[in-house]
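Reader: I'm new to this one. Could you show it to me and then let me ask how you know what you say about it?

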Amino acid sequence: MLHSSPTTLSVLNARAASASLEPARLPPADIPGLYVHIPFCFHKCHYCDFYSITRQTEQRMARFVSLVLAEADFWVDARQGPTPRPSTVFFGGGTPSLLPLPFMSELIRGLRRRFDFSNVAEWTVEVNPATARADYCTMLRENGVDRISFGAQSFDRAELKTLERHHDPQDVPASLEIARSAGFQRLNLDLIYAIPGQELASGRPAWKRPSRWGRRIFRATA
Ligand code: SF4
């Protein structure tokens, strides 16, 4: 019969423990969310505190995608720890929908190859109503995005001008229709309240209008 001394056992236990702590052997690590900031914009709105840049070129955008994926490589490197498994994904900006379709597709597919997306309950991409296109929305939906947040901000042309926005009020219902046709059921409208010169009465239609397009939850920024 083979007898182990206490010293032998502790060595064996230490080896087993270190093997089970190898990052590559650990189960995925649940994290609440993965946020990807896409900083490109038509122009810099005067009220905006978000990091955003203009004068982007295709080369600059392609480089941005490859750098985000290089950053993702760091986070999923097995030597750094277990693979992150987010329960929500959010692409904000900036104006994420300014990223051309092939680049956005490459970014989404690249992230899908790196992270564990088996637990994602909601995946949102912010879209400017002026940029909503059927092929773009279809690509998002086919790649697992299930919620679009439109930067509507106001339904008043003068208020949009004050905000330096680059879309018309009618772009909003048109965008919602495009998204619905692409299969999106979860839609959000961002509205800004207390715009300079805005009266309470002029703001009211903005709050009523979404209810005409169906029950929606939208967030407001004052
Ligand atoms: S479009 Fe949005 S993110 Fe870009 S500058 Fe204007 S408010 Fe900021």
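Author: Sure. Let's start with a yardstick: a residue is buried if 20 or more other C-beta atoms lie within 10 Å of its own, exposed if 12 or fewer, and partly exposed in between, with C-beta atoms placed from the backbone. What you see is a predicted model, where local features need pLDDT of at least 70 and side-chain atom pairs count only at pLDDT 80 or more, while totals for chains, interfaces and linings use all residues. Residues are numbered from 1 along each chain as its sequence is written.

Reader: Why is L160 called buried or exposed?

Author: L160 has 20 C-beta neighbours inside 10 Å, so it counts as buried. The cut-off is 20 or more.

Reader: Where does L160 lie, and what does it touch?

Author: L160 lies in helix α5, residues 157-162. Helices here are DSSP runs of H or I with at least four residues, strands are runs of E with at least two, and both are numbered from the N terminus. Leaving out residues up to four places away in sequence, L160 touches Q153, S154, R165, H167 and P169. Touching, or being in contact, means that the two C-beta atoms, placed from the backbone, lie within 7 Å.

Reader: Is F91 buried or exposed, and how do you know?

Author: F91 has 25 other C-beta atoms within 10 Å, so F91 is buried. F91 sits in strand β4, residues 88-93. Beyond residues up to four places away in sequence, F91 touches V36, I38, P96, T124, V125 and E126. The C-alpha atoms of F91 and H37 are separated by 6.0 Å, with their positions 54 residues apart along the chain.

Reader: And K44, buried or exposed?

Author: K44 counts as exposed because it has 12 C-beta neighbours inside 10 Å, and the rule for exposed is 12 or fewer. K44 is in the loop between β2 and α2 (58-76). Its contacts, not counting residues up to four places away in sequence, are S52 and T54.

Reader: What makes K44 one of the residues around the ligand?

Author: The test for being near a molecule is that a residue's C-beta atom, placed from the backbone, lies within 6 Å of it. The residues around the ligand are C41, K44, C45, C48, F50, S52, G93, G94 and T95. That shell divides into four nonpolar, four polar and one charged. Ala, Val, Leu, Ile, Met, Phe, Trp, Tyr, Cys and Pro count as nonpolar, Asp, Glu, Lys and Arg as charged, and the others, Gly among them, as polar.

Reader: What is unusual about the peptide bond from G93 to G94?

Author: The bond from G93 to G94 is cis, with omega near 20 degrees. Most peptide bonds are trans. G94 is in the loop between β4 and α3.

Reader: What about the phi of R55?

Author: Phi of R55 is near 60 degrees, a positive value in a residue other than glycine. Most residues other than glycine have a negative phi. R55 lies in the loop between β2 and α2, and with 8 C-beta neighbours inside 10 Å it counts as exposed.

Reader: How do you know that the buried residues of α6 line one face?

Author: The buried residues of α6 are D171, V172, S175, L176, I178 and A179. Seen down the axis of α6, they fall within an arc of 160 degrees, so they line one face of the helix. The arc is that of the directions from the helix axis to the C-beta atoms. An α-helix has 3.6 residues a turn, so residues three or four places apart point the same way. What covers the buried residues of α6 includes β5, α4, β6 and β7.

Reader: What makes the largest nonpolar core a core?

Author: A nonpolar core is a set of buried Ala, Val, Leu, Ile, Met, Phe, Trp, Tyr and Cys residues joined through C-beta atoms within 7 Å. The largest one has 35 residues, and those with the most contacts inside it are V125, C137, I148, F150, V172 and A179. Elements that each supply at least two residues of this core include β2 (34-38), α3 (101-114) and β7 (186-192).

Reader: Why are β5 and β6 said to pair?

Author: Strands pair if DSSP finds at least two bridges between them. Four bridges join β5 to β6, which run parallel. E126 stands opposite S149 in β6.
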